[in-house]
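Have the model open while you read, and turn it around as you go. Here is an informal walk through it, part by part.

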Amino acid sequence: MKTFLGLFLGAVLSLPSNATEVAVIDFRGALLQSEKGQAASVEPRQQIRNMESQLNNSRLALDAFAKELKKEELTLAPEEYQRRIQELNQRDAAIRNMAANMQRQAKQMEQQLIDTLSSDAEVILKALIAEKKLDLVLNRQLSLYASGDVDLTAEFIKRLNEAK
């Protein structure tokens, strides 16, 4: 019985099988790294830098206000001290809100950029899939492991750059 099972298993494993051609790609990363993506992201990056600078200036002003309050803590009337603590907390909340809005705006700008570049990139990706006769293409972030042979991101960026 063991001999029969071993022969059967050996025969099944030796049969030719249809291999699935799989590749991975970092679509978003490729779009942002391409020449068009780099050129299109200049203005949004500048806007983000301006927002970060404004946020940092607000944080510095808040820190200075907090240090000044700490120095004057013992000389202020209790009502005035409480009023300034409340102002400090309001300013802190405003800065945290500003940071959250900045992150939201940055993500929106990035998504708009990707949406703008995606239509042309999808055509290039479909041609690459047809050329390589791929059955399945996964987002690189979804795979636990992929050898360099199946990662098409570099080739995809090259083709994006070639398509003017």
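What follows goes from the overall layout to the cores, and then to some individual residues and salt bridges.

## The overall layout

Keep in mind that this is a predicted model. The protein chain has 164 residues, and 26% of them count as buried. Its secondary structure comes to six helices and two strands. Going along the sequence, you meet them in the order α-β-α-α-α-α-β-α.

How much of the chain's contact network joins residues at least 24 apart? Among contacts between residues at least 6 apart in sequence, the share is 83%. As for the outside, the accessible surface comes to about 12100 Å², and carbon and sulfur atoms account for 56% of that.

## Two nonpolar cores

The largest nonpolar core holds 18 residues, and the ones touching the most other members are Phe27, Leu31, Ala121, Phe156 and Leu160. Strand 1 (22-25), helix 2, helix 5 (78-132) and helix 6 (153-162) are the elements that each give two or more residues to this core. Helix 5 gives the most, with seven residues. There is also a second, separate core of 12 residues, and it includes Met51, Leu69, Leu76 and Met102.

Leu31 is a good place to zoom in on the larger core. Leaving out residues up to four places away in sequence, Leu31 touches Gly37, Ile114, Leu117, Ser118, Ala121 and Leu160.

Now look at helix 6. Its buried residues are Thr153, Phe156, Ile157, Arg159, Leu160 and Asn161. What covers them includes strand 1, helix 2, helix 3 and helix 5.

## A serine in a loop

Is Ser34 buried or exposed? Ser34 sits in the loop between helix 2 (27-33) and helix 3 (35-40), yet it counts as buried because its relative accessibility is 4%, under the 20% cut-off. Its side chain reaches the backbone oxygen of Leu31 at 2.8 Å. Apart from neighbours within four places in sequence, Ser34 is in contact with Ile157, Leu160 and Asn161. Those three also appear among the buried residues of helix 6.

## Out towards the surface

Val22, Leu136 and Leu138 make a nonpolar surface patch of about 200 Å². Leu138 belongs to strand 2 (residues 136-139), and at 33% relative accessibility it counts as partly exposed.

Lys132 lies in helix 5 and is also partly exposed, at 35% relative accessibility. Not counting residues up to four places away in sequence, Lys132 touches Leu152 and Glu155. Its C-alpha atom is 9.3 Å from that of Ala23, although the two residues are 109 residues apart along the chain.

## Salt bridges

How many salt bridges does the count come to? The count comes to 13 salt bridges. Here are some of them, with the distance between N and O atoms:

| Salt bridge | N to O distance |
|---|---|
| Arg84 and Glu80 | 2.9 Å |
| Glu87 and Arg83 | 3.5 Å |
| Glu131 and Arg159 | 2.8 Å |

Take the pair Glu131 and Arg159. This pair links distant parts of the chain, with Glu131 in helix 5 and Arg159 in helix 6, 28 residues apart. Glu131 is partly exposed, with a relative accessible area of 48%, whereas Arg159 is buried, at 19%.

Elsewhere, salt bridges that share partners join Glu72, Glu80, Arg83, Arg84 and Glu87 into one network. Why are Arg84 and Glu80 separated by about one helical turn? Because they are four residues apart in helix 5. Glu87 and Arg83 are likewise four residues apart in helix 5, so about one helical turn separates them. The general rule is that an α-helix has 3.6 residues a turn, so residues three or four places apart point the same way.

Exposure in this network is easy to check on the model. Glu80 is partly exposed at 25% relative accessibility, and Glu87 is partly exposed at 26%. Arg83 is partly exposed too, with a relative accessible area of 41%.

Key
Residues numbered from 1 in each chain as written. Predicted model: local features only at pLDDT ≥ 70, side-chain atom pairs only at ≥ 80, totals over all residues. Heavy atoms only, no water. Buried < 20%, exposed > 50% of the residue type's maximum accessible area, 1.4 Å probe, protein only. Polar contact = N/O pair within 3.5 Å; in protein donor to acceptor, adjacent residues only side chain to side chain. Contact = heavy atoms within 4.5 Å. Areas by Shrake-Rupley, 256 points an atom, 1.4 Å probe, with all protein chains shown as cover. Patch = residues over 30% accessible without salt bridge, like charges linked within 9 Å, V, L, I, M, F, W, Y side chains within 5 Å. Salt bridge = Lys/Arg side-chain N within 4 Å of Asp/Glu carboxyl O. Core = buried A, V, L, I, M, F, W, Y, C linked by side-chain atoms within 4.5 Å.
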